[in-house]
Amino acid sequence: MTIKRITLHGLRLPLKRPFKIAYDSYEDIESLVISIESTSGDIGWGEAVVDQHVSGETWQSARSIIAEELAPLLIGRPAADIGAFHRAAEARIRHNPSAKASLDIALHDLMARQCRRPLHSLLGGRCHERLELPYVISMLSPEEMARQADEACRQGYRSIKIKLGDMPETDIERIARVREVLTPDMILRVDANQGWSVKQALHVIRHAEPFRVNWYEQPVFIENLESLARVSRATDAVIMADEPVHGLRDMLQVIRLEAADMVNIKLMKSAGLHVARAMAELGMAADIPCQVGSMVESSIATLAGAHLAIAHPNIIANDLVGPAMLSCDVAEMPGDSTHIMLDESPGLGVDIDRDRVRELSAFEDFID
Ligand SMILES: [Mg+2]
């Protein structure tokens, strides 16, 4: 059973409402959906959603790296040779983690489908019953963010993540106004998406102390892990590293510098599940709990993250909210609006609506 043909679909996924964070805003989401067909007739699905501010990839650059450099490495190879794929992909081209992730996810899905087992059973086995989803709020006015937080509480969410990072004084007000509408047991997370300097971060953290923020994600700029370490050393607040931590070497640097208390693992940064799982293991050895985060992805990449999250004891939170933000997805997410629940269906456990994939496609490439 070897790989016969790979199809790449360039999709524009419509959002329910525009998404605004410290360094960009989005009207819709550009996704690359991959299907890998094997000689057995099984199909594995994968996806890349790039963030050019994080990995330097664009929709079109990832398209050409997948179609011209990476996908041809797989034709005629068995799906289970995932380690060999990563070694060949690394030797072929550096970086480009989201392009690599799309094929890594599709290979994992295909391998698990061929074994007729759910993917989580091949990633260590289930260790969480289900995944509780946070509600993510864009960076807006303090009033509007509080209004959305209140609405999320009424919908049954127990955890709210707010996007901050433009003006420290407004950010403190945003935190205060959102905490005001939450019940005391609710979790409040902050993500500044690199928006603050070290001093601004410490200023916000100090003034927001009464509002019980559970953790602060990536308060400072991506390029300098030492700045993140300065924030971490100067406060008792829990600091999570996100954008600067892509793979195992970055994880090691975080550990060496004691730069953060937690790490946000994303498949689009780690080149997929193969390295992401190793990062979760390394984090466990260093007492660094991890979150599985995501870009705004369709149910395909979101479910890949969910299988990893449900199978790893060191993954204590997730940010798998892409499908909840889309007005049109390529499959139904298993679970309800506040939880992801994975059953024993093979692979990612999802039925892709192929008509929907075609409708949303702006282009298609075939590699065989
Ligand atoms: Mg983040």
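# Exercises on a predicted model

Leaving out neighbours up to four places away in sequence, V263 is in contact with M240, A241, V245, M251, V254, G283, I288 and C290. The exercises below start from this residue; the model is predicted.

## Exercise 1. The core around V263

Task: Find which residues have the most contacts inside the largest nonpolar core, and state where this core lies relative to the two domains.

Solution.

Step 1. The largest nonpolar core has 114 residues, and those with the most contacts inside it are I160 and V263.

Step 2. Both domain 1 (3–117 + 353–367) and domain 2 (121–340) give residues to this core, so it lies between them.

Step 3. Among the contacts of V263 is C290. C290 in turn touches M262, V263, I265, M279, A280, G283, N314 and I315, with residues up to four places away in sequence not counted.

## Exercise 2. C290

Task: Decide whether C290 is buried or exposed, and give the strand that holds C290.

Solution.

Step 1. C290 belongs to strand β11, residues 290–292.

Step 2. A residue is buried if 20 or more other C-beta atoms lie within 10 Å of its own. C290 has 28 other C-beta atoms within 10 Å, so C290 is buried.

Step 3. M279 is one of the residues that C290 touches. The C-alpha atoms of C290 and M279 are separated by 8.7 Å, and the two residues are 11 residues apart along the chain.

## Exercise 3. The annotated binding site

Task: Work out why D191, E217 and D242 can be said to gather at one spot, then describe the surroundings of D191 and E217.

Solution.

Step 1. The UniProt record, an unreviewed entry, places the feature "binding site" at D191, E217 and D242.

Step 2. These residues span 52 residues in sequence, yet no two of their C-alpha atoms are more than 9.3 Å apart, so they gather at one spot.

Step 3. D191 is in strand β7 (residues 187–191), and E217 is in strand β8 (residues 215–217).

Step 4. D191 has 26 C-beta neighbours inside 10 Å and therefore counts as buried. E217 also counts as buried, because 26 C-beta neighbours lie inside 10 Å of it.

Step 5. With neighbours within four places in sequence left aside, D191 is in contact with K161, K163, L164, E217 and Q218. On the same basis, the contacts of E217 are R189, V190, D191, A192, M240, D242 and N264.

Step 6. The unreviewed UniProt entry also has the annotation "domain: Mandelate racemase/muconate lactonizing enzyme C-terminal", covering residues 142–238. Over residues 142–238 the chain is 48% helix and 13% strand, and the end C-alpha atoms are 23 Å apart.

## Exercise 4. The four-stranded sheet

Task: Give the strand order of the open sheet, name its edge strands, and say which helix packs on it.

Solution.

Step 1. The order of the four strands is β3-β2-β1-β14, with antiparallel pairing.

Step 2. β3 (43–48) and β14 (361–367) are the edge strands, since each pairs on one side only. Direction ignored, neighbouring strands of this sheet are turned by 20° against each other on average.

Step 3. Strand β2 (residues 24–38) is joined to β3 by six bridges. S35 has W45 in β3 as its bridge partner.

Step 4. Helix α3 (residues 97–115) packs on the sheet and touches β2 and β3; the direction of α3 makes about 155° with that of β3.

Step 5. At the β14 edge, six bridges pair strand β1 (residues 3–21) with β14 in the antiparallel sense. L11 stands opposite S361 in β14. β14 is hardly covered: the count of buried residues among its seven residues is zero.

Step 6. D28 is in strand β2. D28 has 17 C-beta neighbours inside 10 Å and so counts as partly exposed. Not counting residues up to four places away in sequence, D28 touches R12, L13, P14 and L15.

## Exercise 5. The contact between the domains

Task: Find which element supplies the largest share of the side of domain 1 that touches domain 2.

Solution.

Step 1. The domain assignment gives domain 1 (3–117 + 353–367) and domain 2 (121–340). Their centres, taken over C-alpha atoms, are separated by 24 Å.

Step 2. 39 residues of domain 1 are in contact with 35 residues of domain 2.

Step 3. On the domain 1 side, β1, β2, β3, α2 (82–92), α3 and α13 (354–360) each supply at least two residues.

Step 4. The largest share, 10 residues, comes from α3.

How values were computed:
Residues numbered from 1 in each chain as written. Predicted model: local features only at pLDDT ≥ 70, side-chain atom pairs only at ≥ 80, totals over all residues. Pairing = 2+ DSSP bridges. Axes fitted to C-alpha atoms, helices over the stretch in contact; angles between N-to-C directions. Contact = placed C-beta atoms within 7 Å. Buried ≥ 20, exposed ≤ 12 C-beta atoms within 10 Å, placed from the backbone. UniProt positions renumbered as here; feature names shortened; annotations may be inferred. Core = buried A, V, L, I, M, F, W, Y, C linked by C-beta atoms within 7 Å. Domains from an automatic or database assignment.
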